[in-house]
Amino acid sequence: MEFRDKDYRFMKRAFELAKKGEGFVSPNPLVGAVIVKNGKIIGEGYHSAFGEDHAEVMAIDSACEDVKDSNLYVNLEPCSHYGKTPPCSLKVSKSGIKKVFIANSDPNPKVAGRGIAQLEDNDIEVYEGLLAEEGRKLNESFFHYMKKKRPFYNLKVAQTIDGYIAAPGGDARWISGEESRKHAHYLRHKLDAVLVGRGTAELDDPQLTVRHLNGRVSQPTRVILDSNLKVSIESKLFKEAKRGEHLSDIIIFTGPDIDVEKKSRFQELTGVKVVELALNDNNRLDLDDLSKKLINFDLVNIMIEGGSNINYSFLKAGLIDKYYIFISPKILGGNDGIPVFAGAAPDKISKSDKIKIEKTEKSGEDILITAYPERGDS
């Protein structure tokens with residue numbers, strides 16, 4: 001079928017609605033739905049929170065008139081299984097809707113075409129592929145997880161023009177400007193977790209929470225990689241969490257040989273989760289094991305916020321899936337600042353990791369580069 005201008009317009013509206021669920025629906029995908037009858041929108045809905053009604057149900061229930069013989073535009077194939085909610089395909093099939101336009105089929109094996117089949121079995125015309133690429137981008141972390149069964153890792157970096165994330169002693173306040181810091185808080189809101197190493201947790205003493213945004217926000221899970229469980233219990237991270245009763249949203253991943261009494265005492269004093277990881281061949285925390293454990297906590301979309309050793313580890317493991325690089329109009333100078341990646345560089349430029357820049361934009365006084373790694377397995 002050749003899609004018309006109005007089809008694109010209604011699907012774009014479904015995308016707009018879907019984005020309203022950012023930060024609240026994971027590990028579910030973002031989904032928006034629009035019901036159109038006689039060229040007019042009569043119902044809209046979006047998945048607003050994990051466990052709540054799905055977009056199609058919300059759209060049907062909100063319709064200002066009978067949806068019989070109407071068209072449904074939804075960015076993802078209606079689900080066909082019982083989970084937290086009943087199957088959306090069943091609700092749509094019983095509604096009298098005549099045609100369904102879909103951006104993407106659902107990569108979840110529990111659905112994977114079954115929703116479309118159920119609609120067609122009930123004499124509903126289904127048209128798939130409307131703005132398909134935009135639909136995949138909207139739910140890139142969900143599609144990635146379904147394909148690779150590991151989290152989607154975003155690297156967020158604030159750097160000087162000459163490539164440093166901090167002065168030699170660790171001072172990094174503030175490399176980026178106010179607008180960039182606000183955007184970073186928005187990223188924390190929309191993603192599932194923020195991940196840092198012990199060095200960053202101690203040097204920067206961050207809260208790793210969402211602030212400076214208006215309206216309802218979602219606080220990310222805070223993840224700290226600390227192989228020896230040496231992070232200070234006096235850090236702002238723990239104190240602020242205890243004050244706001246968000247201790248359950250902090251996970252410390254440590255090595256397998258931590259003394260049981262030390263681990264128990266640490267958990268008792270801080271109230272946070274401590275999870276052991278295997279070590280890799282270099283005697284560092286194994287990032288593949290980390291990925292499995294994060295999935296167990298339903299953490300699919302992760303933002304890495306450093307420091308440079310953590311950044312390097314994920315880079316060399318081939319685990320960085322997206323880059324947010326804030327470049328500040330500052331030059332630190334010298335050759336002893338803290339770089340974005342701390343580790344041995346390849347001996348030739350031809351061996352360097354390549355990225356594909358998707359977008360370059362102004363962010364206040366800074367420049368924000370959004371990019372993806374260039375690799376054959378994506």
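**Exercise 1. The second largest pocket**

Which helices and strands each supply at least two residues of the lining of the second largest pocket? Describe the pocket as well.

*Solution.* The structure is a predicted model.

Step 1. Begin with the space itself: the second largest pocket holds about 820 Å³. Its lining consists of 37 residues, and those closest to its centre are Glu22, Lys137, Leu138, Glu140 and Lys190.

Step 2. Assign the lining to elements. At least two residues each are supplied by the helices H1 (5-18), H5 (132-138), H6 (140-148) and H7 (178-190), and by the strands S6 (152-160), S13 (322-328), S15 (355-363) and S16 (366-373). The largest share, four residues, belongs to H7.

Step 3. Sort the lining by residue class: 15 residues are nonpolar, nine are polar and 13 are charged.

**Exercise 2. The sheet of nine strands**

Determine the strand order of the nine-stranded sheet and state which strands stand at its edges.

*Solution.* Step 1. The order in this open sheet is S11-S10-S9-S8-S12-S6-S13-S16-S15, and the pairing is mixed.

Step 2. S11 (273-276) and S15 each have a single partner strand, so they stand at the edges and one side of each lacks a neighbour in the sheet. On average, neighbouring strands are turned by 20 degrees against each other, direction ignored.

Step 3. Examine one pair. S8 (residues 193-197) and S12 (residues 301-304) run parallel and are joined by three bridges; Ala193 has Ile302 in S12 as its bridge partner.

Step 4. Add the helix. H6 packs on this sheet, where it touches S6, S12, S13 and S16, and its direction makes about 130 degrees with that of S6.

**Exercise 3. The sheet of five strands and Tyr127**

Locate Tyr127 within its strand and sheet, and list its contacts.

*Solution.* Step 1. Tyr127 belongs to strand S5 (residues 125-128). The open sheet containing S5 has five strands in the order S2-S1-S3-S4-S5, with mixed pairing.

Step 2. S5 and S2 (40-46) are the edge strands; each has a single partner strand, so one side of each is left without a neighbour in the sheet. From one strand to the next, the twist averages 20 degrees.

Step 3. Within the sheet, S1 (residues 32-37) and S3 (residues 71-76) run antiparallel and are joined by four bridges, with Ala33 opposite Val74 in S3.

Step 4. Helix H4 (residues 114-121) lies across S4 (99-104) and S5, at about 150 degrees to S5.

Step 5. Leaving out residues up to four places away in sequence, Tyr127 touches Met1, Phe3, Lys99, Val100, Phe101 and Ile102. The side chains of Tyr127 and Glu125 are also joined by a polar contact of 2.4 Å.

Conventions. Residues numbered from 1 in each chain as written. Predicted model: local features only at pLDDT ≥ 70, side-chain atom pairs only at ≥ 80, totals over all residues. Heavy atoms only, no water. Contact = heavy atoms within 4.5 Å. Polar contact = N/O pair within 3.5 Å; in protein donor to acceptor, adjacent residues only side chain to side chain. Pairing = 2+ DSSP bridges. Axes fitted to C-alpha atoms, helices over the stretch in contact; angles between N-to-C directions. 1 Å grid on protein atoms, 1.4 Å probe; cavity = no way out; pocket = protein on both sides within 12 Å on 5 of 7 lines; lining within 4 Å. Points joined across faces, edges and corners; volume = space filled by probe spheres on them. Nonpolar A, V, L, I, M, F, W, Y, C, P; charged D, E, K, R; others polar.
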